[in-house]
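Work through the exercises below with the sequence and the coordinates open. Try each task before reading its solution.

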Amino acid sequence: MSVRAMGVLGQACRLGRCAQVLRQSHRSAPAAFNIALGSQHSPGALSLRRYSTETKQASGTVVDKHEFQAETRQLLDIVARSLYSDHEVFVRELISNASDALEKFRYTSLSAGGENLAGKDRPLEIRITTDKPLMQLIIQDTGIGMTKEELVSNLGTIARSGSKKFLEQMKETQQGASSEASSNIIGQFGVGFYSSFIVANKVEVFTRAAVPDAPGLRWSTDGSGTYEIEEVPDVELGTRIVLHLKTDCREYADEERIKAVIKKYSNFVGSPILLNGKQANEIKPLWLLEPQSISKEQHHDFYRFISNSFDVPRFTLHYNADVPLSIHALLYFPEGKPGLFEMSRDGNTGVALYTRKVLIQSKTEHLLPKWLRFVKGVVDSEDIPLNLSRELLQNSSLIRKLSSVISTRVIRFLQERSKKQPEEYEAFYRDYGLFLKEGIVTSSDASEKEEIAKLLRFESSKSETASGRMSLEEYYNAVPAEQQNIYYLAAPNRVLAESSPYYESLKKRNELVLFCYEPYDELVLMQLGKFKSKKLVSVEKEMREESKETTTTADFGEGSLLRSELDALIPWLEEELKGQVIKVKATTRLDTHPCVITVEEMAAARHFIRTQSHQVPEQNRFALLQPELEINPKHPIIKKLNKLRESDKDLAQLIAKQLFANAMVGAGLAEDPRMLLTNMNTLLSRALEKY
């Protein structure tokens with residue numbers, strides 16, 4: 001409830017000197033509407049205490065006049081002006097009330113004593129008529145109707161729900177038989193009718209109860225101070241509500257405007273809705289039908305309706321559950337590629353929330369996690385806690401539970417598709433794999449991260465083509481049980497991955513390595529940390545860790561620099577590259593490359609270079625990265641450099657700096673590769689001097 005609404009409510013209570021606040025309200029009604037003003041009705045209802053007078057009109061008709069108390073008029077103002085965020089929802093509320101009346105008649109006609117109902121064979125439908133010249137909107141149902149006592153009780157009391165009372169009576173009389181009927185009853189709070197005053201300055205209700213010899217009744221009020229009840233002739237069975245619209249709300253006397261509201265909120269109400277004689281709700285609520293009974297064409301039409309798109313669904317998940325929550329879900333995975341808006345995390349999820357076939361929110365926040373925002377569809381749950389206006393969700397723990405249940409089911413469904421329809425899943429992964437990776441990065445649940453990780457696909461060192469991508473589970477099963485790590489290498493493409501200096505030693509050992517081509521892949525795997533019992537380790541980190549174990553007496557093999565030569569070359573390189581590298585050392589893990597750069601966390605370092613390095617001075621940048629330069633003592637360039645540092649010091653310095661720059665580019669740690677050009681051009685000039 002808005003701050004303004006609460007202020008008006010407080011003022012109303014002070015003016016009327018309310019005697020007491022009743023005990024806690026019904027489970028669904030806020031305490032603010034449980035203030036009883038002399039009510040003889042059930043707790044949770046706010047009685048409009050009446051001063052009854054009878055006046056006889058010239059026609060001889062007796063009009064029963066009832067007066068609202070001052071504080072009640074204030075509360076009516078709250079309901080009409082402050083409870084609902086959007087004017088158009090009054091149509092939803094009145095259609096929901098009409099649907100409840102039809103369901104009550106349908107149930108009563110099938111239960112004991114139903115044979116006495118009047119007009120049992122009449123069509124059960126909701127009729128809506130728009131009248132532009134008179135600025136009227138008429139909503140009529142052929143349902144159960146109301147007696148005079150029910151009129152006073154239901155329309156003379158705010159927050160007293162006749163539908164709730166009906167459900168309670170069903171539970172008392174026929175407990176087991178009421179489940180199907182109760183699932184179709186929408187009303188909960190008893191305030192929906194009063195939403196009429198959002199758009200109307202006068203409301204008339206014509207009703208006739210479906211019992212023998214029931215009179216026709218007319219209830220009317222302008223919402224200001226009194227309402228009247230009188231008997232009138234020629235009233236059809238059921239209820240007809242006539243709204244005399246305010247001047248600034250004349251749009252609701254337009255057929256197209258009402259048609260749009262019906263389509264948005266009430267398109268799946270179980271009974272036919274006739275708008276000016278034509279049925280306005282022709283699409284069935286597929287999520288409540290048996291999955292086997294729904295054709296592919298029906299799915300396509302329904303998907304286009306709820307997603308406002310022109311493609312078709314790639315996969316369809318029809319999911320029903322009773323525990324831990326009552327859920328009916330129909331979810332679609334689009335065939336088309338995601339648009340820019342979907343790629344942005346600012347976009348809402350495409351899943352609409354319904355309760356008992358009535359729309360609550362078309363794009364529901366927190367119903368699915370952000371990374372599943374590409375999923376379209378409908379979730380209908382009777383257990384969803386709503387606020388009084390049926391527009392906002394309450395009880396965040398239940399919503400989190402609902403979100404967890406649906407998310408888990410979506411992940412399991414995609415795992416099933418990856419095994420049963422591998423080619424279709426591969427196409428889906430190419431388009432939507434980024435969202436799955438986002439799920440791993442943003443999820444705080446380790447078990448959920450691992451379940452999403454089963455959906456990831458990567459090329460490997462043993463796959464010949466991109467179509468041969470493998471999952472982490474396949475990697476896990478392919479390597480020996482005693483292997484503790486799952487190795488991966490980040491590179492822009494396969495050619496650079498296979499020629500990477502970091503991959504050389506693992507290639508010699510014929511180790512299985514996953515190739516990550518997207519810049520964020522290694523961050524995703526670093527965030528994941530482990531899969532089942534194996535750690536996810538980048539080959540660069542593995543190289544650095546193994547280098548720590550290399551002793552100073554390591555045998556670098558035939559043709560390499562001598563230990564004495566290395567003892568002189570390494571300090572010289574450290575001096576020449578001072579402020580850029582923290583350490584230089586020899587390695588046995590290189591074959592065709594002269595040197596390589598290693599840092600502690602290569603993935604994090606590359607991310608830092610791409611996103612934040614421009615904010616940090618170069619000297620500080622190297623201090624943060626702490627790169628180590630590892631040289632190959634068998635490589636011709638390193639051996640020639642060792643000689644040049646004595647014979648041509650200037651050229652040796654140029655080569656040392658270029659080797660370091662090349663290694664930084666190879667590691668993906670160069671902020672701007674164009675910085676290489678100056679030094680490289682100088683080297684070329686020196687190389688061409690003798691020609």
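The model is predicted.

**Exercise 1. Which Phe and Tyr residues form one aromatic cluster?**

Solution. Start with the members. Phe315, Phe333, Phe374, Phe413, Tyr425, Phe428, Tyr429, Tyr432 and Phe435 form one aromatic cluster. Next, set the cluster against the full search. The whole structure holds 28 aromatic pairs.

**Exercise 2. Classify the pair of Phe268 and Trp287: stacked, tilted or edge-to-face?**

Solution. Take the distance first. The ring centres of Phe268 and Trp287 lie 4.8 Å apart, and the pairing cut-off is 6.5 Å. Then take the angle. The planes of Phe268 and Trp287 stand at 75 degrees. Over 60 degrees counts as edge-to-face, so Phe268 and Trp287 are an edge-to-face pair.

Now place both residues. Phe268 is in the loop between α7 (255–265) and β11, and Trp287 is in the loop between β12 and α8 (296–307). The two are 19 residues apart, and their pair links distant parts of the chain.

Last, check accessibility. Buried means under 20% relative accessible area. Phe268 has 0%, so Phe268 is buried. Trp287 is also at 0%, so Trp287 is buried.

**Exercise 3. Classify the pair of Tyr432 and Phe435, and find where both residues lie.**

Solution. The centres of Tyr432 and Phe435 are 5.7 Å apart. Their planes differ by 35 degrees. Stacked needs under 30 degrees and edge-to-face over 60. The pair of Tyr432 and Phe435 is tilted.

Both residues belong to helix α11 (residues 422–442). They are three residues apart, about one turn of the helix. Tyr432 and Phe435 are both buried.

**Exercise 4. Over which rings do Arg122 and Arg240 lie?**

Solution. Arg122 sits over the face of Phe105, 4.2 Å from the ring centre. Arg240 sits over the face of Phe206, at 4.5 Å from the ring centre.

**Exercise 5. What is the sign of phi at Asp234 and at Asn276, and where do these residues lie?**

Solution. Begin with the background. Most residues other than glycine have a negative phi.

Asp234 is not a glycine, yet its phi is positive, about 55 degrees. Asp234 lies in the loop between β9 (226–231) and β10 (238–245). Its relative accessible area is 79%, so Asp234 is exposed.

Asn276 is not a glycine either, and its phi is positive at about 50 degrees. Asn276 is found in the loop between β11 (273–275) and β12 (278–279). With a relative accessible area of 31%, Asn276 is partly exposed.

Methods
Residues numbered from 1 in each chain as written. Predicted model: local features only at pLDDT ≥ 70, side-chain atom pairs only at ≥ 80, totals over all residues. Heavy atoms only, no water. Helix = DSSP H or I, 4+ residues; strand = E, 2+ residues; numbered from the N terminus. Buried < 20%, exposed > 50% of the residue type's maximum accessible area, 1.4 Å probe, protein only. Phe/Tyr/Trp six-rings, centres within 6.5 Å; stacked < 30°, edge-to-face > 60°. Lys NZ or Arg CZ within 6 Å of the ring centre and 35° of its normal.
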